[in-house]
Amino acid sequence: MQQLAVDLGERTYPIYIGPGLLAQPELYERHRGSGQLLVVTNDRVAPLYLDQVVAALGDPETLVLPDGEGQKTLARTEQVLDRLLRAGFGRDGTLVALGGGVIGDLAGFAAAIYQRGIDFIQVPTTLLAQVDSSVGGKTGVNHPLGKNMIGAFHQPKAVIADTDVLATLPDRELSAGLAEIIKYGLIRDLPFLEWLEANMDGLRAREPALLTEAIARSCRNKAEVVAADEREGGVRALLNLGHTFGHAIEAGLGYGEWLHGEAVGAGMCMAADMSVRLGWLGEADRARAVHLIERAGLPTRPPSGLTPDRMRELMARDKKVVAGELRLVLLRALGEAVVTGDFEPDALSRTLAENARPE
Ligand SMILES: NC(=O)c1ccc[n+]([C@@H]2O[C@H](COP(=O)([O-])OP(=O)(O)OC[C@H]3O[C@@H](n4cnc5c(N)ncnc54)[C@H](O)[C@@H]3O)[C@@H](O)[C@H]2O)c1
Ligand SMILES: [Zn+2]
């Protein structure tokens with residue numbers, strides 16, 4: 001087992017990574033409050049892993065929600081709150097989020113607002129959740145008018161990432177998680193990027209030691225960024241490499257058509273392309289990034305059917321637009337990213353024109 005810490009003063013918490021962790025009672029015991037426990041999961045994960053968690057926790061309350069991003073709503077959050085109230089949870093209660101990013105975000109949000117905040121433990125079961133969404137304390141749900149528009153910062157007490165659960169993850173979901181892993185290499189960790197180049201085939205073959213290493217190095221990167229900038233006033237925005245392009249792809253296609261990580265894969269390629277057009281990144285480095293993204297099983301261009309104008313319009317709606325200025329995460333080199341609104345507009349136009357495929 002690997003263990004690292006997200007260093008946030010008195011809110012510091014550990015991330016445990018390794019095989020067989022789901023069923024280890026002492027990991028939960030160390031980080032739960034003194035009161036009742038509620039495990040929140042979904043109807044896809046429950047048949048696979050809920051028994052193990054229930055056995056480790058003794059006799060917790062359980063709540064199984066329907067699967068899917070479409071369930072990440074205020075109405076489902078209210079269902080969690082209802083259960084907590086009906087079961088008489090006090091402020092000493094603890095919520096356990098067992099699932100991917102949807103369950104983690106939703107259950108974390110319920111924990112953030114129930115009686116102004118109770119403890120929660122993240123038990124992420126997708127690669128994306130293990131390397132990204134379970135770490136850093138962003139919780140929330142979607143609104144019909146926008147994704148992740150309602151939420152709160154609320155850090156978990158611990159993250160328990162059991163690598164065994166990745167065995168049942170579909171290949172597409174695995175690749176989507178690899179997109180966020182590659183992202184850490186591209187924005188701030190060239191040695192990790194090189195390690196990924198050497199080990200991508202083994203990762204896709206789900207070699208346990210490689211997965212553990214990739215998750216730990218990703219979490220270390222995310223933990224450092226979050227520790228430096230918990231509420232995204234500065235460097236945390238670097239974690240959005242490829243995301244403004246990616247969100248435009250997701251929204252343009254209709255959410256759910258492409259997985260988030262797939263859109264981010266193509267988005268990172270577009271960010272690299274634009275960085276070359278600005279003269280910031282060498283063509284050989286761009287090609288290296290694109291090749292790695294391709295080897296991860298991810299798309300490297302947007303889907304057909306999105307015009308450059310449509311993509312630009314969707315990008316302008318991104319949450320990261322500050323005072324009307326579109327800010328993008330771009331690459332100065334492999335392993336070095338910047339967030340900036342200060343770029344030649346023509347470089348963006350050409351990036352969209354060259355990459356978007358109207359047909
Ligand atoms: N809070 C953050 O910082 C943050 C960061 C990135 C993404 N997110 C959010 O995360 C969500 C995406 O997370 P996700 O990619 O994990 O999606 P997800 O939670 O929908 O999981 C993907 C699919 O895999 C299933 N699944 C989960 N674990 C499984 C397992 N071990 N075996 C088989 N199937 C399994 C799920 O039930 C679901 O059908 C989005 O809502 C996104 O907004 C949040
Ligand atoms: Zn992402």
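This is a guided tour of a predicted model, with suggestions for what to select at each stop.

**The whole chain**

Begin with the full chain in cartoon view, where the secondary structure comes to 13 helices and eleven strands. If you orient the view along the principal axes, the C-alpha trace spans about 60 × 40 × 40 Å. The radius of gyration of the chain is 20 Å, which agrees with the value near 21 Å that a compact globule of 359 residues would have. Colouring by accessibility adds a further layer to this picture, since 55% of the 359 residues count as buried. Of the contacts between residues at least 6 apart in sequence, 73% join residues at least 24 apart.

**The zinc ion**

Next, select ligand 2, the zinc ion, and display the side chains of Glu 180, His 243 and His 260, which are its protein donors. The donor atoms are OE of Glu 180 and NE2 of both His 243 and His 260, and they lie 2.0 to 2.1 Å from the ion. Read along the chain, these donors follow the spacing E-x62-H-x16-H. Glu 180 belongs to helix H6 (residues 171-188) and His 243 to helix H9 (residues 243-253), so this pair ties together parts that are 63 residues apart in sequence. How accessible is Glu 180, buried or exposed? Glu 180 has 0% relative accessibility and therefore counts as buried. His 243, with 7% relative accessibility, is also counted as buried, because the cut-off for that class is under 20%.

**Ser 218 in helix H8**

Now move to helix H8, which covers residues 208-228, and select Ser 218 within it. Ser 218 is buried, its relative accessible area being 0%. If you set aside residues up to four places away in sequence and show what remains around Ser 218, the residues it touches are Val 131, Ile 181, Tyr 184 and Phe 192.

**The second largest pocket**

For the next stop, turn on a surface and look for the second largest pocket, which holds about 160 Å³ of space. Its lining can be selected in three stretches of numbering: Glu 10, Arg 11, Thr 12 and Tyr 13; then Ile 118, Asp 119 and Phe 120; and finally His 154, Gln 155, Pro 156 and Lys 157. Coloured by residue type, the lining divides into four nonpolar, three polar and four charged residues.

With Lys 157 still displayed as one of the lining residues, add His 31, which lies in helix H1 (residues 25-31). His 31 has a relative accessibility of 15% and counts as buried. Leaving aside neighbours within four places in sequence, His 31 is in contact with Lys 157, and also with Pro 14, Tyr 16, Ile 121 and Ala 158.

**The start of the chain**

Tyr 16, one of the contacts of His 31, leads on to Met 1, which lies in the segment before strand S1 (2-6). Met 1 is exposed, with a relative accessible area of 56%. Apart from neighbours within four places in sequence, Met 1 is in contact with Tyr 16, Ile 17 and Leu 21. A distance drawn from the C-alpha of Met 1 to that of Gly 18 reads 4.5 Å, although the two residues are 17 apart in sequence.

**Two residues with positive phi**

The next two selections concern backbone geometry. Most residues other than glycine have a negative phi. Select Arg 116 in the loop between helix H4 (101-113) and strand S6 (119-124), where phi is positive, near 65°. Arg 116 is exposed, with a relative accessible area of 78%. Then go to Glu 232, in the loop between H8 and H9, where phi is again positive, near 55°. What is the exposure class of Glu 232? At 21% relative accessibility, Glu 232 counts as partly exposed.

**A last loop**

Finish at Ser 304, in the loop between helix H11 (283-295) and helix H12 (308-316). With a relative accessibility of 43%, Ser 304 counts as partly exposed. A C-alpha to C-alpha distance drawn from Ser 304 to Ala 205 comes to 29 Å, for two residues 99 apart in sequence.

Technical notes
Residues are numbered from 1 along each chain as its sequence is written. Chains are lettered from A and ligands numbered from 1 in the order in which they are written. This is a predicted model: local features need pLDDT of at least 70, side-chain atom pairs count only at pLDDT 80 or more; totals for chains, interfaces and linings use all residues. Side-chain values use heavy atoms; hydrogens and water are left out. Donors are N, O and S atoms within 2.8 Å of the metal (3.2 Å for Na, K and Ca); water is not among the atoms, so sites may look incomplete. Helices (H or I, at least four residues) and strands (E, at least two) are DSSP runs, numbered from the N terminus. Buried means under 20% relative accessible area, exposed over 50%, partly exposed in between (1.4 Å probe, protein chains only). On a 1 Å grid over the protein atoms alone, a cavity is a set of points where a 1.4 Å probe fits but cannot get out, and a pocket is an open set with protein on both sides within 12 Å along at least five of seven lines; lining residues have an atom within 4 Å of a point. Grid points are joined across faces, edges and corners, and a volume is the space filled by probe spheres set on the points. Ala, Val, Leu, Ile, Met, Phe, Trp, Tyr, Cys and Pro count as nonpolar, Asp, Glu, Lys and Arg as charged, and the others, Gly among them, as polar. Contact means heavy atoms within 4.5 Å. The radius of gyration is taken over C-alpha atoms; the globule rule is 2.2 Å times the number of residues to the power 0.38.
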